[in-house]
Amino acid sequence: MKCTCRINGISRTIDSHPLRRLLDILREDFGLMGTKEGCGEGECGACAVILDGRLVNSCMIPAMQLRGKSIFTIEGLGGAEPDILQRAFVEEGAVQCGFCTPGMVMAARALFLQDKQPSREKIRESLSGNLCRCTGYEQIIRAVLRASEEGYGAFCEQKEVHVDNSASLDPDERKWCFLPSSLQEALSILDMEEDRPILFSGGTDIFPDMKNGKSNPRKVLDLSGISSLQEIALREGEISISCCVTAARIWQDDGLERMVPVLCRAARSVGAIAIQNRATIGGNIANASAAADIPVSLLALDASVTLESVSGKTVL
């Protein structure tokens with residue numbers, strides 16, 4: 001599969017297996033070795049990067065979802081001299097062995113993109129998905145506070161740059177990898193394929209299963225390019241949340257917080273922020289994971305689920 005993205009502001013062409021991890025592409029194809037592999041399951045944050053302005057774990061991002069995306073890694077910071085955030089980490093003693101440091105810095109940078117002067121509590125929450133076995137975290141929190149005091153937030157912004165979001169699949173890949181751009185196209189593919197593809201969106205369940213040998217998908221259908229599956233609609237007496245809406249979008253939505261605060265609290269308990277930025281409400285329901293946080297609140301709210309195929313809709 002070939003596609004174009006931007007890495008640290010530079011247009012790059014990716015030529016890779018559609019399910020190959022962003023982590024491996026960064027390290028092996030582009031020599032960006034700052035992004036580390038720790039757990040490989042989205043638990044430690046060592047591989048954290050910023051994707052379209054949001055923190056994600058690169059061990060859980062497939063190549064097929066990189067088309068048209070903007071990726072920012074630790075190598076994108078500073079220049080001839082370290083920037084304010086990097087210098088704060090060094091001067092506050094927040095760097096020991098250094099293995100977790102790039103992910104920590106990316107988590108802090110992603111926070112500054114959202115909050116120019118974060119509180120200590122907000123910093124603790126935003127770094128909660130990044131594990132460090134050396135410093136005990138206090139120095140890391142002090143480093144981020146210091147960067148904030150020195151005005152680092154004013155230098156952080158996510159620039160909107162158009163990148164071609166098309167992808168080119170080879171003939172063999174087109175037999176098993178599907179990249180629909182509309183719901184009707186996706187439903188048609190599912191109707192035609194006797195061996196149904198696995199539906200893929202956030203990847204927070206399937207990538208750990210693949211790593212541990214519990215899943216080896218023969219066919220995949222990527223839902224990330226279907227905008228209608230990422231909508232939240234608030235109408236009088238009714239809330240509609242499409243299946244690819246992430247946990248982060250749920251708890252950050254003011255309307256949902258006002259109308260269904262219990263759902264927002266459940267969404268906020270879905271892992272740390274890098275997981276919340278990927279985990280979807282549809283996956284939380286459909287994968288029947290014992291660790292899923294959202295279904296219990298949906299039961300309490302007497303919610304219904306709408307299933308759709310080419311034959312029509314069914315409400316459960």
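**View 1. The buried residues of helix H5 in this predicted model.** Start with Gln-139, Ile-140, Ile-141, Ala-143, Val-144, Ala-147 and Ser-148: these residues of H5 are buried. Their cover includes helix H2 (84–91), helix H3 (101–114) and helix H4 (120–126). H5 itself runs over residues 138–149, and its end C-alpha atoms sit 16 Å apart. That agrees with expectation, because 12 residues at 1.5 Å a residue should span 16 Å. Following H5 comes Gly-151, with a positive phi near 80°.

**View 2. Phe-112 and its contacts.** Phe-112 is part of helix H3, one of the helices that help cover the buried residues of H5. Its relative accessibility is 0%, so Phe-112 counts as buried; the cut-off for that is under 20%. Look past the neighbours within four places in sequence, and Phe-112 touches Leu-85, Pro-118, Val-144, Ala-147, Ser-148, Tyr-152, Gly-153 and Cys-156. Val-144, Ala-147 and Ser-148 should ring a bell from View 1, where they appear among the buried residues of H5. For a sense of scale, take Arg-67: 45 residues separate it from Phe-112 in sequence, and the two C-alpha atoms are 25 Å apart in space.

**View 3. Helix H1 against its strands.** H1 covers residues 22–29, and its buried residues are Leu-22, Leu-23, Asp-24, Ile-25 and Leu-26. Here the packing partners are strands: S1 (2–7), S2 (10–15), S3 (48–51) and S5 (70–72). Just past the end of H1 there's a glycine again, Gly-31, with a positive phi of about 65°.

**View 4. Zooming back out to the chain.** Altogether the chain has 13 helices and 13 strands. Its C-alpha atoms fill a box of roughly 60 × 45 × 35 Å along the principal axes. The radius of gyration is 20 Å, which agrees with the value near 20 Å for a compact globule of 316 residues. Of those 316 residues, 47% count as buried. Among contacts with a separation of 6 or more, 61% join residues 24 or more positions apart.

**View 5. The surface and the charges.** What does the chain expose, and how much of that do carbon and sulfur atoms supply? The exposed area is about 15800 Å², with carbon and sulfur atoms supplying 48% of it. As for charges, there are 34 positive and 42 negative ones, and their mean positions are 2 Å apart.

How values were computed
Residues are numbered from 1 along each chain as its sequence is written. This is a predicted model: local features need pLDDT of at least 70, side-chain atom pairs count only at pLDDT 80 or more; totals for chains, interfaces and linings use all residues. Side-chain values use heavy atoms; hydrogens and water are left out. Helices (H or I, at least four residues) and strands (E, at least two) are DSSP runs, numbered from the N terminus. The radius of gyration is taken over C-alpha atoms; the globule rule is 2.2 Å times the number of residues to the power 0.38. Buried means under 20% relative accessible area, exposed over 50%, partly exposed in between (1.4 Å probe, protein chains only). Contact means heavy atoms within 4.5 Å. Accessible areas come from the Shrake-Rupley method with a 1.4 Å probe; for residues, only the protein chains shown count as cover. Lys and Arg count as positive and Asp and Glu as negative; His and the chain ends are not counted. The place of a charge is taken as NZ of Lys, CZ of Arg, CG of Asp or CD of Glu. The expected span of a helix is 1.5 Å times one less than its number of residues.
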